[in-house]
Structure formats: structure tokens, C-alpha cells
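Subject: Structure for your review

Dear colleague,

Please find the structure below, together with its sequence. I would be grateful if you could read the notes that follow it with the model open beside you.

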Amino acid sequence: MLLSRLALAALVACTPPAFAETTPADPVAGVSVDGLDEAMRLGDLFEVLREEGISHGAELQSDMFPTVGGADWEAEVAGIYDADRLHAAFTEALERALSTQPEAVDEVIAFFRSDLGQKVIGLEIEARRAFIDTATEEAARVSAEDAAAARDPKVALIRQMIEAGDLLEMNVAGAMSGSLAFMTGMSETGAYGAIPQDQLLSDVWGQEDQVRADTSTWLYAYLGLAYHPLTEAELQSYVAFWESPAGQVLNAALFSAFDTVFRDVSLDLGRAAGRAMQGRDI
């Protein structure tokens, strides 16, 4: 759940999404993520990600092509962010990432089915939903700065969690991957003329410092809001879970699955935005 920043990063970015057109893979032997899916409430998370996507689609239209798009653009964005389809693609990718780790999956399910596990999942989803409102996110950023200045012990624990999961660097990589996919999709439509791939890469790398700074601020604000209701002892226990071998396995698998799914989302958004900018049928 902590890596859901990847989904937000992909928003910086209709033909049916590429992963929807592939032939379904054979089921993975030895592991099922059904129990994990339920325990982590991934269906609820993807409903929130759909809301984020629709909200960002409106922002894209306002910033890039305010006089065109309309209902066709809204329908395109809604299709790209179809929660059921994204959820299904994600769980398939997650199952493959965890295919050789059945024992870790069992440990993770046990944790998230516990009282603390269910509590933190609920808090993370609600904080994610709250962040759709810009004013709420800005207020959380201010609160995070105040907490750091006051040396709130929870800030140190959140920093420990970020380091344990390499959340900053993994999210920066995901953001840049999503940005490159979005720009590639735009380029394919000819919206800005023919742009060489090396120029796209250079443009993306030129954003690295700003992406890292913004991502760091976002992480502390989001996690600070989500975990504010937890006691210090509860947060310590949660950090210990992410530092455990099972937590490390889950963290890597979640990042891999999110990157697989939302790279395609960014590509499709870029293509759709490029067509809309040129006044072509979306």
C-alpha cells in the first residue's frame, strides 16, 4: 500500500491499454494472492485510484486542451482507469512477482488480517482518498513540516519505514518511468512533432531532482496523515513488519506490479492527450 505513490506518479501522464490486449497468462503454480488481495483491500484501493485518475484527467484537459475533449475525453479517461480491469491486471502481475514466495505470502496475509493490519490498511486508503482534495494534501504537507520541526518521534519512524522499503528511490524511478511513458505516448501522436527517444530521455532525466524533492515531501505528508491515529507502539510494529523478510518480499512485489500496470496507463494517457491536443478523435 505504501508504494501506491506509483499510481500517482503515473498520472503525470483510447486505444485499449496494452495489457488488456495480451493473451492471459497461465495461472502461476504454488501461490495465490486471493487472500492477500482481500486482506489488503486492493479492490477498495483501486476504486480510489480510479477517482484520482478521473480527477487528474480533468486537470490535464484544463491545462493542455481546455477548448476540446469534452465528453469524449472524460469517457476515454474513465476507460483507462477502469478499476476492475486495472485491479485484475495488478493482481495477475502481483501473483507472478510472488510466485516463488508462498511462505512469505502466508506471513503477509496473517499480518494484514490482524487488528493492526486492518487498521493501517483502512487508514492508508482513507488518507489516499483524502489526498484527492488539493487543500487536504497541502494541509498535510504543512503538518508534516511542523511535525519534523517539533521532532515528533513518529517522523523518525516514518523515515525508518521509507528507508526500509527504499520508498523514495523506488517512487522516483516509478515517477520517471511513468513520465517517459506519457511523453512517449504523446510523441507517437505527433502532437509536438517528431521527438527522438534520446531527447525524451534527456527531458525526463532533467526532472529528476524536482521529482525526488516532490516525492519526498509527498511521502512524509501522506504517511504522516495516514498514521497520525496510530500510537507510537503501533507504528513501531508496522515498521518492523516492513523490515521483516516477508515485508521486504511484499514491498518488491508491489512495486513491480504497480510499475507494470501504470506504465501502460501513462502510455495510453499520453496517446489520448496527444490526439485531443490536435483535435483528433480520441
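The notes below deal with salt bridges and then with one helix.

Please bear in mind that this is a predicted model.

Salt bridges

Searching the whole structure gives 13 salt bridges. Three of the pairs are described here, starting with Arg129 and Glu51, then Glu137 and Arg141, and finally Asp214 and Arg141.

In the salt bridge between Arg129 and Glu51, the closest N and O atoms are 3.8 Å apart. Arg129 belongs to helix α8 (residues 115–130) and Glu51 to helix α4 (residues 42–64), so this pair ties together parts that are 78 residues apart in sequence. Arg129 is partly exposed, its relative accessible area being 29%. Glu51 is also partly exposed, with a value of 34%.

The second pair lies within a single helix. Glu137 and Arg141 form a salt bridge whose closest N and O atoms are 2.8 Å apart. The two residues are four apart in helix α9 (residues 134–149), and about one helical turn therefore separates Glu137 from Arg141. Glu137 and Arg141 are both buried.

Arg141 has a further partner in Asp214, with the closest N and O atoms of that salt bridge 3.5 Å apart. Because Asp214 sits in helix α13 (residues 208–227) while Arg141 sits in helix α9, the pair ties together parts that are 73 residues apart in sequence. How accessible are the two partners, Asp214 and Arg141? Asp214 is partly exposed, with a relative accessible area of 31%. Arg141 has a relative accessibility of 14% and counts as buried, because the cut-off for buried is under 20%.

Shared partners also link salt bridges into a network: Glu51, Glu126 and Arg129 are joined in this way. Two members of that network, Arg129 and Glu51, are the pair discussed at the outset.

Helix α15

The other element to look at is helix α15, which covers residues 245–277 and has 33 residues. From its first C-alpha to its last, helix α15 reaches 47 Å, close to the 48 Å expected at 1.5 Å a residue. Is this helix mostly covered or mostly uncovered? Helix α15 is mostly covered, since 24 of its 33 residues are buried. After helix α15 comes Gly279, which has a positive phi, near 70°.

With kind regards

Technical notes: Residues numbered from 1 in each chain as written. Predicted model: local features only at pLDDT ≥ 70, side-chain atom pairs only at ≥ 80, totals over all residues. Heavy atoms only, no water. Salt bridge = Lys/Arg side-chain N within 4 Å of Asp/Glu carboxyl O. Buried < 20%, exposed > 50% of the residue type's maximum accessible area, 1.4 Å probe, protein only. Expected span 1.5 Å × (residues − 1).
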